[in-house]
Amino acid sequence: MSVSKNWTVLAVPVISVLFGLLAGAIIMLVSGNDPAAGYAALWNGAFGDSFYTGETLRQMTPYVFAGLAVAFAFRTGLFNIGVEGQLLVGWLASVWVGLAFELPKFIHLPLAILAGAAAGAAWGFIPGFLKARLRVHEVIVTIMMNYTALHVTNYFIRDVISDGADATDPVHETASLQSEFLQSITDFSSLHNGIYLAVVAAILMWFMLEKTTLGYELRAVGYNQHASEYAGMSVNRNIILSMVISGAFAGIGGSMQGLGTFGNMFINSGFSGIGFDGIAVALLGGNTAIGVVLAALLFGALKVGSLNMPIESGVPNELVEIVIALIIFFVASSYMITWLLGRFKKKEAK
Amino acid sequence: MDALTIIALIVSSSLFAATPLIFTALGGVFSEKSGVVNIGLEGLMIIGAFTAIVFNLTFADTFGSATPWVALLAAMLAGGLLSLLHGLASITFRADQVVSGVAINFLALGLSLFLVKLLYDKGQTDMIKMNFIKKDIPFLSDIPIIGDIFFGDIARPTILAFAIAIISWFVLYKTPFGLRLRSVGEHPMAADTMGVNVAKTRYIAVFISGLLGGLGGAVYAQSISLDFSHATITGQGFMALAAMIFGKWHPLGAMGAAIFFGFAQSLSIVSSNIPFLQDVPDVYLLIAPYVLTILALAGFIGRADAPKASGTPYVKGSR
């Protein structure tokens, strides 16, 4: 029983990805392109040489954090759509700390990352608190917090940190995640040290959820609030805690952008999309740490590789957005996939 | 500028900005009243905006000045079709409705930008030539003072928005269909016991929300942005969602909230002309709709309760 159950757990994401890619191929065929050439260009653009591999891993870094943030909240039964906003305030806070202080690197860099985590955590605390105290649905609050974050961070960049400029100065070298070593082995891609932190964060989330009392309580609240309450756990405390930790992960995702990828922050006219992609990453990864890392790698490769599609094969890179949307769609409709699998097995049994 | 001109300007630009939000927020009301959360409003607006612009560019010569109106119909159809996908996932396949809505948003953006590249071989479309313009309403705008303020410079879709809001209220609260729709959203099992087809009712409601969401996007595209690119619809769908909640899931409330949000938007644009608003940083007006929605949900501005069964798929025979 448990073997076949495990098999289904793996089958849903794998089948969803295959369905998504298949649908992408059909769209390419219908629109008069060659699917084989399109996907070959995608592969070359993601892993074709060391530069592209570096770019893929760099793109994967914030995805891991965004995915962990969404997954962590999911495990407590909360849907954190606010990763996008938490990421923005984390980005701003770490860049600000990276600019404002002159400190030795071993203090400055951790401090800047912690600032990002704290800002994200604070942004996550508000929906957590409203959910715990007033039973306000976290989905709507986090969406509204996203737009608030977008306008507030833009205001800070334009009117507080700088004087009417569109971007901040680059952060001091002592707060930077950029790595000459990683750049040199990847043919000067923008890969930075954040990738190590992403792996550490994934291990940390696994340990926290599976091996600590805190994690046990958080998961218990996610399974059954009433049973947890009856067993003497504070449901409200765990809801707030879960959103705060989730927000902290998202905030560090922002630090990755601010201290690593870009080295500064600029006015955003819209969202980066990383927070929303994080939902897809978490869902595809089954809300587990290892699943999130693998899904982040897949989405990083799809995003970076897609940029090569118009150049090599003439397929618009937006095709990948459609494929990602369909993958989410299929994962969400896992009821359909398990039902189909069930039908399949029954026929075999006969 | 004298006070009267400023007031007339604010009213006119508020209504202008509010119109697409009214349509989309009404779409949200239909879907959520039937128990299906629709985060996909943003995507429905995107597909509506895209369809309207493409239709407008293609058929401008055929339909002449009627083009924007015919384009509205095409956009509604596109929105309706896309929303059926949301219905399929969240009603038949029992998917998480929020997740399915997120997928709809991704899909609409990806699909429309993909098609723009295929059709026009560039990232954005040309500007449309046939668009909705603001005109005085005959007779009513001749009324002294009030006429200038409320009936001068009104785009025709605004009148349509008011009409649809009132029709929506009538349909939802005064017809048997509306009663069924609301009962399915409050207590689907009870409705099922009384012989209401829960799945069918929810499909119809989601389809209507798609029609209205597409309409909202089309009106936005043909009166405000006038072309289609990745930046055409950036958050208007979510703002409509906010309007729906701020309006407490009531059609007229949603309309009022949409007008209020339009007012906040237009203030941030015209505030430089108004003496005591000049010194207020834009950011406060920009975040006002979102912060107010959070406050409304937290119960500071009257309690806002969602339909009870909102967000849960109905499985026959479950308790």
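# Why these labels? Questions on a two-chain model

Student: Why is A:Arg219 counted as buried?

Tutor: Its relative accessibility is 15%, and buried means under 20% relative accessible area, with exposed over 50% and partly exposed in between (1.4 Å probe, protein chains only). A:Arg219 therefore counts as buried. This is a predicted model, in which local features need pLDDT of at least 70 and side-chain atom pairs count only at pLDDT 80 or more, while totals for chains, interfaces and linings use all residues. Residues are numbered from 1 along each chain as its sequence is written, chains are lettered from A and ligands numbered from 1 in the order in which they are written, and side-chain values use heavy atoms, leaving out hydrogens and water.

Student: What makes A:Glu210 and A:Arg219 a salt bridge?

Tutor: Their closest N and O atoms are 3.7 Å apart. The rule asks for a side-chain nitrogen of Lys or Arg within 4 Å of a carboxyl oxygen of Asp or Glu, so the pair qualifies. A:Glu210, at 32% relative accessibility, counts as partly exposed. A network of salt bridges links both residues with A:Arg75.

Student: Which residues of helix H9 of chain A are buried, and what covers them?

Tutor: In helix H9 (residues 213-223) of chain A the buried residues are A:Gly215, A:Glu217, A:Leu218, A:Arg219, A:Ala220 and A:Val221. A helix here is a DSSP run (H or I) of at least four residues, a strand is a run (E) of at least two, and both are numbered from the N terminus. Their cover includes helix H3 (50-75), helix H8 (194-211), helix H10 (225-230) and helix H11 (235-261) of chain A.

Student: How do you know that A:Arg58 and A:Glu55 form a salt bridge, and how far apart are they in helix H3?

Tutor: Their N to O distance is 2.6 Å, so the 4 Å limit is met. Being 3 residues apart in helix H3 of chain A, the two are separated by about one helical turn. Both A:Arg58 and A:Glu55 are buried.

Student: What about A:Lys131 and A:Glu138?

Tutor: They also form a salt bridge, with the closest N and O atoms 3.0 Å apart. A:Lys131 has a relative accessible area of 16%, so it is buried, and A:Glu138 is buried at 3%. Over all chains the search finds 10 salt bridges.

Student: How many aromatic pairs are there?

Tutor: There are 25 over all chains. Rings of Phe, Tyr and Trp (its six-membered ring) pair if their centres lie within 6.5 Å; planes under 30 degrees apart are stacked, over 60 edge-to-face, and the rest tilted.

Student: Why is the pair A:Phe19 and A:Phe330 called edge-to-face?

Tutor: The ring centres are 5.2 Å apart and the planes stand at 70 degrees, so the pair is edge-to-face. A:Phe19 lies in helix H1 (residues 2-30) and A:Phe330 in helix H15 (residues 319-332), both of chain A, so the pair ties together parts 311 residues apart in sequence. A:Phe19 is partly exposed at 31%, whereas A:Phe330 is buried at 16%.

Student: What makes the pair B:Phe260 and B:Phe263 tilted?

Tutor: The centres are 6.4 Å apart, with 40 degrees between the planes. An angle that is neither stacked nor edge-to-face counts as tilted, hence the name. The two residues are 3 apart in helix H11 (residues 251-270) of chain B, so about one helical turn separates them. B:Phe260 is partly exposed at 34%, as is B:Phe263 at 33%.

Student: How do you know that chain A and chain B have an interface, and what area is buried there?

Tutor: The contact, meaning heavy atoms within 4.5 Å, takes 38 residues from chain A and 38 residues from chain B. About 3,600 Å² is buried between them, of which carbon and sulfur atoms give 83%. In chain A, the residues losing the most area to chain B are A:Met144, A:Tyr147 and A:Phe329, together 18% of what that side buries. Buried area is the accessible area (1.4 Å probe) that two parts lose on being put together, summed over both.

Student: What salt bridge crosses the interface?

Tutor: The rule finds 1 across the interface. A:Glu318 meets B:Lys117, with the closest N and O atoms 3.0 Å apart, so the pair is inside the cut-off.
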